[in-house]
Amino acid sequence: CVEVAKLIEKAGASALAIHGRTRSDMYTGSANLDYIKAVKESVSIPVIGNGDIKDIESAIKMKEYTGVDALMIGRAACGNPWLFDELNAYFEEGKIIERPTKEIIINTMLDHTKRLITLKGEHVALVEMRTHAAWYLKQLIGTKAYKPKVVSVSNYDELVKLANEIINNPFITVK
């Protein structure tokens, strides 16, 4: 991968993003930070590191170990758009901000659904939201029983009813 990075730089790229997994790895195992570090050390253009960044600790590890100039986040942002605020607050101001409340997480899921309905209609939006809703619920502890229900809702009103159950359940908390 170092040779490819050098060729890309020589071809005129102004930056390079690298993911620490191979195509055959897909989503298994851990990102190989040694590959990212080797690329960073072999080129003079900015290198953006990607792979397994899911919180402040993993972002620090990526930056410190590899020396990358920036971070790229993929799956960890699904159902967790607050991750960007958390990382920006930490890296720009040295602050650790609070995680969103259960209400914010669930209401963001509902807002996301409403926006999809506006774009694609209720049926398509709800089919697409099955995956997204599961990601939002991953931000909460105690939602296992709700996951099958969320992925089987057939209209927005059902989703709102389920969302209210989750919000009002005192045993569900934020991770």
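1. A residue is called buried here if its relative accessible area is under 20%, and exposed if that value is over 50%, with partly exposed in between. By that cut-off, 37% of the 175 residues in the protein chain are buried. Please keep in mind as you read that this is a predicted model.

2. Let me start with the overall layout. The protein chain holds 8 helices and 5 strands, and along the sequence they follow the pattern α-β-α-β-α-β-α-α-α-β-α-α-β. The C-alpha atoms fill a box of roughly 55 × 35 × 30 Å along the principal axes. Among contacts in the protein chain with a separation of 6 or more, 57% come from residues 24 or more positions apart.

3. Next, the sheet. Three strands form an open sheet in the order β1-β2-β3, and their pairing is parallel. β1 (16–19) and β3 (70–72) are the edge strands; each has a single partner strand, so one side of each has no neighbour in the sheet. From one strand to the next, the twist averages 30°.

4. You may like to follow the pairing residue by residue. β1 and β2 are joined in the parallel sense by 4 bridges. Within that pair, Leu-16 has Val-47 of β2 as its bridge partner, while Ala-17 is partnered by Ile-48 of β2. The chain then passes from β2 through α3 to β3, a β-α-β crossover that is right-handed. On the other side of the sheet's order, β2 (residues 47–50) and β3 run parallel and share 3 bridges. Here Ile-48 turns up again, standing opposite Ala-70 in β3.

5. Which residues make up the covered face of β1, and which the uncovered one? Leu-16 and Ile-18 are on the covered face, whereas Ala-17 and His-19 are on the uncovered face. In a regular strand, side chains alternate between the two faces of the sheet.

6. Helix α2 (residues 33–42) is worth a look beside the sheet. Its buried residues are Leu-33, Ile-36, Val-39, Lys-40 and Ser-42, so a lysine and a serine are found there together with nonpolar residues, each falling under the 20% cut-off for relative accessible area. The buried residues of α2 pack against α1 (2–10), β1, β2 and α3 (56–66). At the N-terminal end of α2, Asn-32 acts as a cap, with a side-chain oxygen 2.9 Å from the backbone nitrogen of Asp-34.

7. Now to the nonpolar cores. The largest has 23 residues, and those with the most contacts inside it are Ile-106, Met-109, Leu-137, Leu-140, Leu-159 and Ile-166. Helices α5 (102–120), α6 (122–137) and α8 (156–168) each give at least two residues to this core. If you centre your view on Ile-106, you will find Leu-137, Leu-140, Ala-163, Ile-166 and Ile-167 touching it, leaving out residues up to four places away in sequence. Another core, of 19 residues, lies apart from the largest one and includes Leu-33, Ile-60, Val-68 and Leu-83. In soluble globular proteins, nonpolar side chains tend to be buried together.

8. There is also a polar cluster that I would show to any colleague. Gln-139 sits in the loop between α6 and β4 (140–141), and Asn-80 sits in the loop between β3 and α4 (83–93). Are these two loop residues buried or exposed? Gln-139 has a relative accessible area of 11% and is buried; Asn-80, at 4%, is buried as well.

9. What joins the side chains of these residues to Arg-99? The side chain of Gln-139 makes a polar contact of 2.7 Å with that of Arg-99, and the side chain of Asn-80 makes one of 3.3 Å with Arg-99. Setting aside neighbours within four places in sequence, Asn-80 is in contact with Arg-99 and Gln-139. On the same basis, Gln-139 touches Cys-78, Gly-79, Asn-80, Arg-99, Ile-105, Thr-173, Val-174 and Lys-175.

10. One last backbone detail to check: Asp-52 is not a glycine, yet it has a positive phi of about 65°. Asp-52 belongs to the loop between β2 and α3. With 32% relative accessibility, Asp-52 counts as partly exposed, because that value lies between the 20% and 50% cut-offs.

Note on methods. Residues are numbered from 1 along each chain as its sequence is written. This is a predicted model: local features need pLDDT of at least 70, side-chain atom pairs count only at pLDDT 80 or more; totals for chains, interfaces and linings use all residues. Side-chain values use heavy atoms; hydrogens and water are left out. Two strands pair if DSSP finds at least two bridges between them. Axes are lines fitted to C-alpha atoms, for helices over the stretch in contact, and angles run from 0 to 180 degrees between N-to-C directions. A nonpolar core is a set of buried Ala, Val, Leu, Ile, Met, Phe, Trp, Tyr and Cys residues joined through side-chain atoms within 4.5 Å. Buried means under 20% relative accessible area, exposed over 50%, partly exposed in between (1.4 Å probe, protein chains only). Contact means heavy atoms within 4.5 Å. A polar contact is a pair of N or O atoms within 3.5 Å; within protein, one must be able to donate a hydrogen and the other to accept it, and residues adjacent in sequence count only if both atoms are side-chain atoms. A crossover is right-handed if, with the strands pointing away from the viewer, the path from the first strand over the helix to the second runs clockwise.
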